Amino acid sequence: MLAGASMNKAGVLTVASEPIRVRRDSLVSTLNHEVGTHFMRRQNDKQQLWGSKKKRQNFGLRTEVTTTEEGLACLNTHLNGNRWLWKAALHYYAACCAAEMSFAQLFEHLEQYLPDPNRRWNEVLRVKRGVVDLARPGCYPKDQCYFKGAVAILRQVDSIDFMLLYSGRISLEDLAYVDTMRDIVIPPMYVPDFLEDVESYRQRLREIAHINGIDLVR
């Protein structure tokens, strides 16, 4: 399975080189995800005093920020056009089922949600990648973090300082702690255009929460 684009840990963006046809909104969504989230947060992180794994630990910051990182990227993917988090929810559900089903069982089970056999095959392949024995239960659990992280952010959308969140690769759980040392935090050098008006961005996330039936924390 080849993603349309991906960002590695060194901050290098790889775009599929095959001739592809892609809709403009889809391309913008991909850029919001890979560049507007992963690349910019990683570059901003490098200028902070905690800008390495060892220094993060010295500051008492989590080194595992995947749920927040991918949840934020997931939401930024949906800022234009389709606001439904259906695909992220499906990945979450499929990974849960994969932990208890074989490849064949999962393929049959997901037919009610994905009647197209090609799409269903790709979904099962996605959540089963890395599993050695496909006749036994097992899953690739990372796909759960997109939906889990997105829901966590949406529920707290009114209280999150998004500029502070963009100052580095900070987890949602560490944000209040980072706020206590704001005097040493360097403002983000890289900010995506959709975040230039923070309140407008926050409202767009509220709309995503509303459409998907996610209650906000008041």
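Me: Accessible areas come from the Shrake-Rupley method with a 1.4 Å probe, and for residues only the protein chains shown count as cover. What percentage of the accessible surface of the protein chain belongs to carbon and sulfur atoms?

Reply: This is a predicted model, in which local features need pLDDT of at least 70 and side-chain atom pairs count only at pLDDT 80 or more, whereas totals for chains, interfaces and linings use all residues. Residues are numbered from 1 along each chain as its sequence is written, and side-chain values use heavy atoms, with hydrogens and water left out. The accessible surface of the protein chain comes to about 12400 Å². The part of this surface that belongs to carbon and sulfur atoms is 52%.

Me: How many helices are there in the protein chain?

Reply: Helices (H or I, at least four residues) and strands (E, at least two) are DSSP runs, numbered from the N terminus. Read along the sequence, the pattern is β-β-α-α-α-α-α-α-α-α-α-α. Beside two strands, the number of helices is 10.

Me: What percentage of the residues in the protein chain is buried?

Reply: A residue is buried at under 20% relative accessible area, exposed at over 50%, and partly exposed in between (1.4 Å probe, protein chains only). The protein chain has 218 residues. The buried residues make up 42%.

Me: What share of the contacts with a separation of 6 or more joins residues 24 or more positions apart?

Reply: A contact requires heavy atoms within 4.5 Å. Among the contacts of the protein chain with a separation of 6 or more, residues 24 or more positions apart account for 68%.

Me: Which helix gives the largest share of the largest nonpolar core?

Reply: A nonpolar core is a set of buried Ala, Val, Leu, Ile, Met, Phe, Trp, Tyr and Cys residues joined through side-chain atoms within 4.5 Å. The largest core has 35 residues, and Leu-75, Leu-85 and Leu-154 are among those that touch the most other members. The elements giving two or more residues to this core are H3, H7 (144–155), H8 (162–165), H9 (175–180) and H10 (198–211). The largest share, six residues, comes from H7.

Me: How far apart are the end C-alpha atoms of H7?

Reply: The buried residues of H7 include Cys-145, Tyr-146, Gly-149 and Leu-154. The expected span of a helix is 1.5 Å times one less than its number of residues. H7 has 12 residues and should therefore span 16 Å, which agrees with the distance between its end C-alpha atoms, 17 Å.

Me: Is His-78 buried or exposed?

Reply: His-78 lies in the loop between helix H3 (66–77) and helix H4 (86–98). Leaving aside neighbours within four places in sequence, His-78 is in contact with Arg-83, Trp-84, Leu-85 and Ile-208. Because its relative accessible area is 12%, His-78 counts as buried.

Me: Which side chain meets that of Arg-41 in a salt bridge with an N to O distance of 2.6 Å?

Reply: A salt bridge is a side-chain nitrogen of Lys or Arg within 4 Å of a carboxyl oxygen of Asp or Glu, and by this rule the count comes to 12. Arg-41 lies in helix H1 (residues 24–46) and its partner in helix H3, so the pair ties together parts that are 28 residues apart in sequence. Arg-41 is buried, with a relative accessible area of 0%, and the partner is also buried, at 3%. The two residues are linked with Arg-169 in a network of salt bridges, and the partner in the 2.6 Å pair is Glu-69.

Me: Which residue forms a salt bridge with Arg-129?

Reply: The closest N and O atoms of this pair are 3.1 Å apart. Both residues lie in the loop between helix H6 (117–128) and H7, so the pair ties together parts that are 14 residues apart in sequence. At 33% relative accessibility, Arg-129 counts as partly exposed, whereas the partner is buried at 0%. The partner is Asp-143.

Me: How many residues apart are Arg-182 and Asp-161?

Reply: These two residues form a salt bridge, with the closest N and O atoms 2.8 Å apart. Arg-182 is partly exposed at 40% relative accessibility, and Asp-161 is partly exposed at 27%. Arg-182 lies in the loop between H9 and H10 and Asp-161 in the loop between H7 and H8, so that the pair links distant parts of the chain. The separation in residues is 21.
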